Amino acid sequence: MIQFLIKGILRDKSRSLLPIIVVSLGVFLTVFMSGWMKGVFGDMIDMNANYTMGHVKVMTRAYADNEAQIPNDLALLDVSELISRLEADYSNMEWVRRIQFGGLLDVPDANGETRAQGPAAGRAIDLLTPGSKEAERLNIPKSIVEGRLPEQQGEVLISNEFAERFAVNIGDDISVMGSTMYGSMVVPTFKVCGTINFGMAMLDRGAIIMDITDAEQAFDMIDAAGEVLGYFKSNIYDDELALAVRDSFNLKYSDESDEFAPVMVRLRDEPSLKQYLNMADNMSAMMVMIFVIAMSIVLWNTGLLGGLRRYTEYGVRLALGEEKGHIFRTIIYEAIIIGSIGSVVGSALGIATSYYLQENGIDFSSMMENVTMMMPTVYRAKVSPELFYIGFIPGLLAMTMGNALAGYAIYKRKTAQLFKELEV
Amino acid sequence: MTRIITLLLIVSLSIVGKAQTADEIIKKIDDNMSADTRIVESSMTIHGRRNSRTITSVSYTMGTEKSFTEYLSPAREKGTKMLKLDDRLWTYYPANDRIVQISGHMLRQSLMGSDLSYEDMMDDRKLCDVYAPVIESTETIDGHKVFVLKLTAKVDNAAYYSRKLWVDETYFLPVKEELYAKSGQLLKRTVLSDFKQIKGRWYPMKFNFKDVLKQGDGTDWEIISIKFNEEIPDYLFTKAALKQ
């Protein structure tokens, strides 16, 4: 029977062409939108994870309470020992130290006196340990405008905007007016080895990036760190696993009565990201639901039109003694076949478009010059395994539902009136 | 009618008399606290949330415009120098031989992690030049009668819009002080103690500063030695002296 139905679909284009186009379009939009939203949210989440949050983050309780102020006086101590324990307990994760600091960037003149000053937003990461992934994680190699990555202690990267504004060249000295973790004011001097532009106002404003060992010495933070960030070795954020790691760590190490005890938070615990993650999780389901409802209505209408067009055919089949249920089932089988063809075509188009945007992306940087949130400037779609099947749900469901609703009219036809109807 | 006018006159005079007394009180405080020159060796103990640390320094002050401070200990701070000329402040860091000018909002930052800001350290002006005083009430603290004075800034560049002083009637020195923002928010609290008479003036030898917006137990500032009206060479108040 299936072969018979397929022949009918292929030979009678008017029976199949419009539904296939409608299903393909709907499936294409579902697949593409799902891939696009996943890519956009994924990029935002990855960016926050890479730059500030990690997949999980360890701080002292007191630091966590005032995190926005970067209170390095409340930083974690004995970090090497802490990281050793973390590595032993959670071997599926990579642990890195980070120090953030604020203050002023001070450009000296030939006499060592202040020539120019501007606000500093510094980050100290592991740049010098061989095999460290930190530079790539923060996309530093691709963000370098001039110069190179620090290759030895005492070298720093500064914001290209700051360098241009205050005429700072590669090889010049630059000081950071900041304070040690004990509150003393310090003005360590570094050599500029490169300038960077992340393309995000929030990261570029007064940015200075140095190796973690330089920050340790400059800010009197030997074996201390504001934050220890944990990344899954797979590089993919797994919320359930992060939750398990967080809970077991806090149960083992976090003493609520000690404000300097370490406490772990996961990426989803960050309030604004929590919202994004929830949205990302629900986006595919929302897309499918919207298209199932919208396409069902469209395909119901198409089915009704087809039903009207094939009114005589159904009448003859009923008159020949074919059961109403059998005719209804053939309509459903036809719908499944047409839905499958439409889903395959729509999924192929959706995946192809998503793949193109995954590789090329769309650059929104000109529209985001003054955005202060941590958001990527180039948005990309993401082709995930989910895209290969997600389109079949609305494609098959909407087509089948639409035809089932339209085919229901068969049961309302009375055999006694068939010949009268067929004479017309 | 004559009686009413006489009564109003007496009330008015008594109010004027009280205002003059408030002015007199802060003048007496200024006489105690200010000098042509002052050389102070002091220790500052900063009680942080995690630990306490002590910094010693020697300061040379000339009038209200010039001041030079050299930090003596601990090792990390040793050799750090600060020069204040009028409203400008330079800091010298021996570790990298840099002279850095501190200006703008950085002046409101904490001095060496203490509860004092650079602005607090710089503001040596006499109270009578900056604030208009009013006596609010009198109280008794530790058996001593104290005047409670409310001082409101009469110049635009005052570090604090208003201050409340509890002034000991015997020494004409504040035993307690509260510093407020224009919004009325309490910003800092100071307790002064251990009053000693030096060359005919009373001077507090111990201060406890508390930035109420900061956690921790405040900063104790203790005077080890103090000399008034000694000669200070002019070259000390030059940027060249910072690197010497």
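These legends walk through close-up views of a predicted model.

**View 1. Chain A as a whole.** Start with the C-alpha trace of chain A, which spans about 110 × 50 × 30 Å along its principal axes. There are 16 helices and 13 strands to look for in this chain. With a radius of gyration of 31 Å, well over the 22 Å that the globule rule gives for 424 residues, chain A is more spread out than a compact globule. Some 41% of the 424 residues count as buried. If you take the contacts in chain A with a separation of 6 or more, 79% of them link residues 24 or more positions apart.

**View 2. The annotated stretch of chain A.** Here we pick out residues 16-219 of chain A, which an unreviewed UniProt entry annotates as "domain: MacB-like periplasmic core". Helix makes up 39% of this span and strand 31%. Follow the stretch from one end to the other and you'll find its end C-alpha atoms 72 Å apart.

**View 3. Inside the largest nonpolar core.** This core holds 120 residues, and those that touch the most other members are L105(A), V156(A), I158(A), I208(A), I209(A) and A215(A). Helix α2 (residues 13-53) of chain A hands over the largest share, 15 residues. Zoom in on V156(A): setting aside neighbours within four places in sequence, its contacts are P150(A), I174(A), F190(A), V192(A), C193(A), I208(A), I209(A) and M210(A). Another core, of 16 residues, lies apart from the big one, and its members include M33(B), C128(B), L165(B) and Y171(B).

**View 4. Where chain A meets chain B.** On the chain A side 20 residues take part, and they are in contact with 18 residues of chain B. Two elements of chain A, β2 (93-108) and β6 (173-179), are the ones that give two or more residues to this side. Sort the chain A side by class and you get 10 nonpolar, 7 polar and 3 charged residues.

**View 5. The two domains of chain B.** Both domains are built from two separate stretches: domain 1 takes 23-33 + 126-216, while domain 2 takes 37-124 + 230-242. Their centres, taken over C-alpha atoms, sit 22 Å apart. The contact between them draws 9 residues from domain 1 of chain B and 10 residues from domain 2 of chain B. On the domain 1 side, strand β12 (residues 201-211) gives the most, with 3 residues. That same side of domain 1 has 5 charged residues, along with 2 nonpolar and 2 polar ones.

**View 6. The annotated stretch of chain B.** UniProt, again in an unreviewed entry, places "domain: Uncharacterized protein TP-0789" at residues 63-244 of chain B. Strand accounts for 52% of this span and helix for 7%. The end C-alpha atoms of the stretch lie 23 Å apart.

**View 7. Around E178(B).** This glutamate is found in strand β10 (residues 174-180) of chain B. Is E178(B) buried, exposed or partly exposed? With 18 other C-beta atoms within 10 Å, E178(B) comes out as partly exposed. Leaving out residues up to four places away in sequence, E178(B) touches R163(B), K164(B), L186(B) and R189(B). For R189(B), which is 11 residues away along the chain, the C-alpha atom is 4.5 Å from that of E178(B).

Note on methods
Residues are numbered from 1 along each chain as its sequence is written. Chains are lettered from A and ligands numbered from 1 in the order in which they are written. This is a predicted model: local features need pLDDT of at least 70, side-chain atom pairs count only at pLDDT 80 or more; totals for chains, interfaces and linings use all residues. Domain bounds come from an automatic or database domain assignment. Two residues are in contact if their C-beta atoms, placed from the backbone, lie within 7 Å. Helices (H or I, at least four residues) and strands (E, at least two) are DSSP runs, numbered from the N terminus. Ala, Val, Leu, Ile, Met, Phe, Trp, Tyr, Cys and Pro count as nonpolar, Asp, Glu, Lys and Arg as charged, and the others, Gly among them, as polar. UniProt positions are given in the numbering used here, feature names are shortened, and annotations may be inferred rather than shown by experiment. A nonpolar core is a set of buried Ala, Val, Leu, Ile, Met, Phe, Trp, Tyr and Cys residues joined through C-beta atoms within 7 Å. A residue is buried if 20 or more other C-beta atoms lie within 10 Å of its own, exposed if 12 or fewer, and partly exposed in between; C-beta atoms are placed from the backbone. The radius of gyration is taken over C-alpha atoms; the globule rule is 2.2 Å times the number of residues to the power 0.38.
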